[in-house]
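Trainee: Could we go through this protein together, one question at a time?
Mentor: Gladly! Have a look at it first, and then we will begin.

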Amino acid sequence: MFYHDARLQRPVKVDNPDPVYARMLQQAIGGVEGEIRVCMQYMFQAWGSRAPTNKYRDMLLHTATEEMGHIEMLATAVALNLDKAPTDAQEEGATDKIVGAVMGGENPRHVMEGMLHRHVLSTGMAAYPANSDGVPFDMSHIYASGNVAADMYCNVAAESTGRVLAYRLWGATKDAGMKDMLSFLIARDTMHQQQWLAVLEELGGDKGVLPIPNSVPREEAEDMENSYNFYATSVDGTYPEGRWTEGPSLDGEAGYTVFRNKPMGEEPVLGPARPDSGAQKEQMK
């Protein structure tokens, strides 16, 4: 259950509206690196949490709710950047300060072509749940496995790619208001990375959680002879040496070794399809 406050988590201001930048901000809303993704990922992780304690569920709900606020901030920023954007391709752009700032005085048609047309046609100059190409977010990148450690690693990856995106957006604008908003979002991404890593540390770190899952005796289901081999697949057998090719494994269970990949099975021969499947007759034509 949620309550809401009408005020934004942080002020959002746009000094020089830029309709093309509004399109770029859509990636932070509905892109695979965006805020809808992390919000819903944390929500479903919380709702399906089976951890021995509810504190991780509660923590996830706190952060998921915060991410809702980030979506609201970005949606507000998109709307403000669309303010005064030309909606008529016949307008003269040379005297329009907004168009002049964005396109150097070019025809407004060029501005519109850089925008998402749905901003004009469907939403009335407002954001919507899609990426910068207008592709709706479809929840295919929501990872909620029911395993706390696995989910935390997924969350670190989500916050890391989201922070990369936020930095790129920060560098793509000279607008002081947008830089201020993004600097806040970058800071929150930093904390969330630290937050999920802190959970993993609390669970015992690499030695405590790896391999995932670790609740089933490994010798019952795992080919342990191949658990710590780096498979070198080059024709000449060369491979990049690193932490993954020698020394103790991160889980402390063994040491890394290198295995020159080679065929261990035979070439598959499937034989004809079953006579009653219809496929055999098709293959004989």
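Mentor: One definition before we start: a residue counts as buried when its relative accessible area is under 20%, as exposed when it is over 50%, and as partly exposed in between. Please keep in mind that this is a predicted model.

Trainee: Thanks! Is M125 buried or exposed?
Mentor: Begin with its place, which is the loop between α6 and α7. Its phi is near 70 degrees, a positive value in a residue other than glycine. The cut-off for burial is under 20%. The relative accessible area of M125 is 19%, so M125 is buried.

Trainee: And which class does M139 fall into?
Mentor: M139 is also placed in the loop between α6 and α7. M139 is not a glycine, yet it has a positive phi of about 70 degrees. With a relative accessible area of 38%, M139 counts as partly exposed.

Trainee: Let me step back to the whole chain. How many helices and strands does the chain have?
Mentor: Try reading along the sequence: the pattern is α-α-α-α-α-α-α-α-α-α-β-β-α. Counting the symbols of each kind gives 11 helices and 2 strands.

Trainee: What percentage of contacts between residues at least 6 apart in sequence join residues at least 24 apart?
Mentor: Contact here means heavy atoms within 4.5 Å. Among the contacts in the chain between residues at least 6 apart, the share joining residues at least 24 apart is 69%.

Trainee: How do α1 and α3 run relative to each other?
Mentor: Helix α1 covers residues 19-30 and helix α3 covers residues 55-82; their axes are 8 Å apart and the packing angle is about 165 degrees. An angle over 145 degrees counts as roughly antiparallel. That makes the direction of α1 relative to α3 roughly antiparallel.

Trainee: Which residues of α3 does α1 meet?
Mentor: α1 passes α3 in a left-handed crossing. From the α1 side come P19, Y21, A22, L25, Q26, A28 and I29, and they meet I71, L74, A75, A77, V78, N81 and L82 in α3. Sorted by class, this contact of α1 with α3 has no charged residues, 2 polar and 12 nonpolar.

Trainee: Which residues of α7 make the contact with α1?
Mentor: The axes of these two helices come within 10 Å and cross at roughly 170 degrees. That makes α1 roughly antiparallel to α7. Y21, M24, L25, Q27 and A28 belong to the α1 side of the contact, and the α7 side is made by L165, L169 and W170. The classes in this contact of α1 with α7 are no charged, 1 polar and 7 nonpolar.

Trainee: How far apart are the end C-alpha atoms of α7?
Mentor: Helix α7 has 24 residues (148-171), and at 1.5 Å a residue they should span 34 Å. The distance in the model agrees with that expected span: 35 Å.

Trainee: Which elements cover the buried residues of α7?
Mentor: Several α7 residues are buried, including A149, D151, N155, G162 and L169. What covers the buried residues of α7 includes α1, α2, α3, α8 and α9.

Trainee: What is the handedness of the crossing of α7 and α8?
Mentor: These helices pack at an angle of about 160 degrees, with axes 9 Å apart. α7 and α8 are therefore roughly antiparallel to each other. The crossing of α7 and α8 is left-handed.

Trainee: What is the relative accessible area of Q45?
Mentor: Q45 sits in helix α2. Leaving aside neighbours within four places in sequence, Q45 is in contact with L60, Y143, A144, D151, M152 and N155. Q45 is buried, with a relative accessible area of 3%.

Trainee: What separates the C-alpha atoms of L116 and P19?
Mentor: L116 is found in the loop between α5 and α6, and L116 is buried, with a relative accessible area of 6%. Its contacts beyond four places in sequence include R23 and Q26. L116 and P19 are 97 residues apart along the chain, and their C-alpha atoms are separated by 8.8 Å.

Trainee: One last thing: which residue does a cis peptide bond join to I212?
Mentor: The peptide bond from L210 to P211 is cis, with omega near -10 degrees. In the loop between α9 and α10 there is also P213. With omega about -10 degrees, the residue joined to I212 by a cis peptide bond is P213.

Note on methods: Residues are numbered from 1 along each chain as its sequence is written. This is a predicted model: local features need pLDDT of at least 70, side-chain atom pairs count only at pLDDT 80 or more; totals for chains, interfaces and linings use all residues. Side-chain values use heavy atoms; hydrogens and water are left out. Axes are lines fitted to C-alpha atoms, for helices over the stretch in contact, and angles run from 0 to 180 degrees between N-to-C directions. Helices (H or I, at least four residues) and strands (E, at least two) are DSSP runs, numbered from the N terminus. Angles under 35 degrees count as roughly parallel, over 145 as roughly antiparallel, 65 to 115 as roughly perpendicular and the rest as oblique. A crossing is left-handed if the near helix is turned anticlockwise from the far one by less than a right angle, and right-handed if clockwise. Ala, Val, Leu, Ile, Met, Phe, Trp, Tyr, Cys and Pro count as nonpolar, Asp, Glu, Lys and Arg as charged, and the others, Gly among them, as polar. The expected span of a helix is 1.5 Å times one less than its number of residues. Buried means under 20% relative accessible area, exposed over 50%, partly exposed in between (1.4 Å probe, protein chains only).
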